[in-house]
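Visitor: Before we look, could you take me through the empty space and the ligand surroundings slowly, with the reasons for each word you use?

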Amino acid sequence: MAKQFDVVVIGGGPGGYIAAIRAAQLGFSTACVESEAYDDPKGEVRLGGTCLNVGCIPSKALLQSSEHFDNARHGFVMHGITADDVKIDVKTMVKRKDNIVTQLTGGIKGLFKKNKVTLLPGHGKFVGGGEDAWEVDVAGEVVTAKHVIVATGSRPRHLDGVPVDNKLVCDNVGALAFDAVPKRLGVIGAGVIGLELGSVWKRLGAQVTILEALPDFLAAADAAVAKEAWKVFTQKQGLDIQLGANITAVKVGKKGVTVEYESGDDNHVLECDRLIVSVGRVPNTEGLGCEAVGLKLDDRGRVDVDEHCRSYLPGVWAVGDVVRGPMLAHKGMEEGVMVAELIAGQAGHCNYDAVPWVIYTHPEIAWVGKTEQQLKSAGIDYRAGQIPFAANGRALGQGDTTGFVKMLADAKTDRILGVHIIGTNASELISEAVVAMEFHASSEDIARIVHAHPTLSEVMHETALAVDKRPLHF
Ligand code: FAD
Ligand code: NAD
């Protein structure tokens, strides 16, 4: 007889493993199906999905290492610290990153044991069943569950005619595992991955050219932040970013890669040693057996769900990158918790209006809520405050004064509608804004909160005061 569970989760990434743990905590017999071993030396299935294995965690490890290297070479001079002959050992840097990944993915297996989640290794797909029990085939064995949570995530989008071998032409998987610093690195796509991984290899000494199809830079960010980022990345850091680039051919030879592209009326050729293709990601729904049970996909091939991650089949849910909304680990995790709690009859919720975005370049970029452009086009009256880090004692002490915090608040109610940061530690500073938005706070609320001195968080405080045109230090 088929093994029975209350809840089966397909996919062991942030959306899936969190959904499984929360479901088990709520008393459900729970299994999580995962097919990928990633780089496991024993070939055993690894948990954590894209995020832990080939995404968030390894990229942040490399960003940190490369930032230390860059500081040792250029950043510490202002503090009177110089070091001759600073070298990077890429193998050690990559090994450190691999060790962090191994530690964290193993940790999730430990959490599964602790919470009594059964790991089912293998590819999972719907093969039949209905409302009372869905049937999921896992590597030839069928398991059943009343509730199935699809958390199969996403994979890199590849371009026609651009052969990704993850050696010379890489998506995120290969780009996180270079064995040496390329002399000339080409990147297609100036999105989040292009900027983060482009920064890593630029800091380590590569000459980096990023080719972006759109005429605008960082179109999703607030325009003031995008403008500042453009200035810092291209003028101070020397990233060569070409906007409006239409790729016409990519040729791989023994010695490297040639990218042909049009820009305006001109044709260009970029010669590079390695190429990263980072042009977005596509949902994993192929081979999931959607047709066997009639699971509907939306116009972009994602599982079609409502605001509570319910599909149109009773008891079938979907979370994370495989559904609408931003492809962010924390959004997937929050959805995983929400679904498990809804299955338990609780009031699970995910506030999509307060999902923060962070780009881990230097300076970091982080935002939550609406941009000024979005408010203008929606015809919403707002007041804005903006304070530079250069006016903050802690930022000066750290020698890191680039950027600003910008706050947008409703003109009538003063409720905070959006906060945009470009600057050091923006990834941590944004949390205050997320909490404020979650609790419908006003700029006056932030202005009245005591912020420790001297801290970077005082810039948030000053910005809130600036919304009311009464900053004290600027
Ligand atoms: P995934 O993490 O993709 O996990 C899905 C899992 O399901 C995979 O392990 C896959 O093998 C498995 N699977 C798929 N189909 C099946 C099947 N049929 N049977 C069994 N198993 C299956 N987000 C952030 O929030 N912050 C960051 O800093 C960040 N950095 C990133 C950096 C890079 C380079 C990349 C590529 C992504 C980054 N992301 C970041 C995005 C983040 O990784 C994803 O949003 C997140 O991993 C999505 O989680 P998920 O659980 O939906 O899917
Ligand atoms: P992205 O959507 O962030 O950026 C892709 C870029 O490629 C866009 O600017 C797009 O206009 C451009 N593009 C598309 N087709 C092109 C073409 N043919 N030629 C040139 N440019 C082209 O996607 P990504 O950078 O691949 O990252 C995928 C997703 O992973 C992100 O959207 C994000 O959800 C997630 N991610 C998040 C983080 C983070 O939170 N810090 C980091 C990395 C990845």
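Guide: A cavity, on a 1 Å grid over the protein atoms alone, is a set of points where a 1.4 Å probe fits but cannot get out, and its lining residues have an atom within 4 Å of a point. This is a predicted model, in which local features need pLDDT of at least 70 and side-chain atom pairs count only at pLDDT 80 or more, while totals for chains, interfaces and linings use all residues. Residues are numbered from 1 along each chain as its sequence is written, and ligands are numbered from 1 in the order in which they are written.

Visitor: How many cavities of 30 Å³ or more does a search of the whole structure find?

Guide: The search finds one, and the largest cavity holds about 40 Å³ of space, a volume being the space filled by probe spheres set on the points.

Visitor: What makes G280 a lining residue of the largest cavity?

Guide: Lining requires an atom within 4 Å of a point, and G280 is listed in the lining, so G280 meets that limit. Among the others in the lining are P156, R157 and N172.

Visitor: Why is the approach of G280 to ligand 2 called a polar contact?

Guide: A polar contact is a pair of N or O atoms within 3.5 Å. A backbone N or O atom of G280 lies 2.8 Å from an oxygen atom of ligand 2, so the pair qualifies.

Visitor: How do you know that M327 makes one too?

Guide: A backbone N or O atom of M327 lies 2.6 Å from an oxygen atom of ligand 2, which therefore also falls within the limit.

Technical notes: Heavy atoms only, no water. Polar contact = N/O pair within 3.5 Å; in protein donor to acceptor, adjacent residues only side chain to side chain. 1 Å grid on protein atoms, 1.4 Å probe; cavity = no way out; pocket = protein on both sides within 12 Å on 5 of 7 lines; lining within 4 Å.
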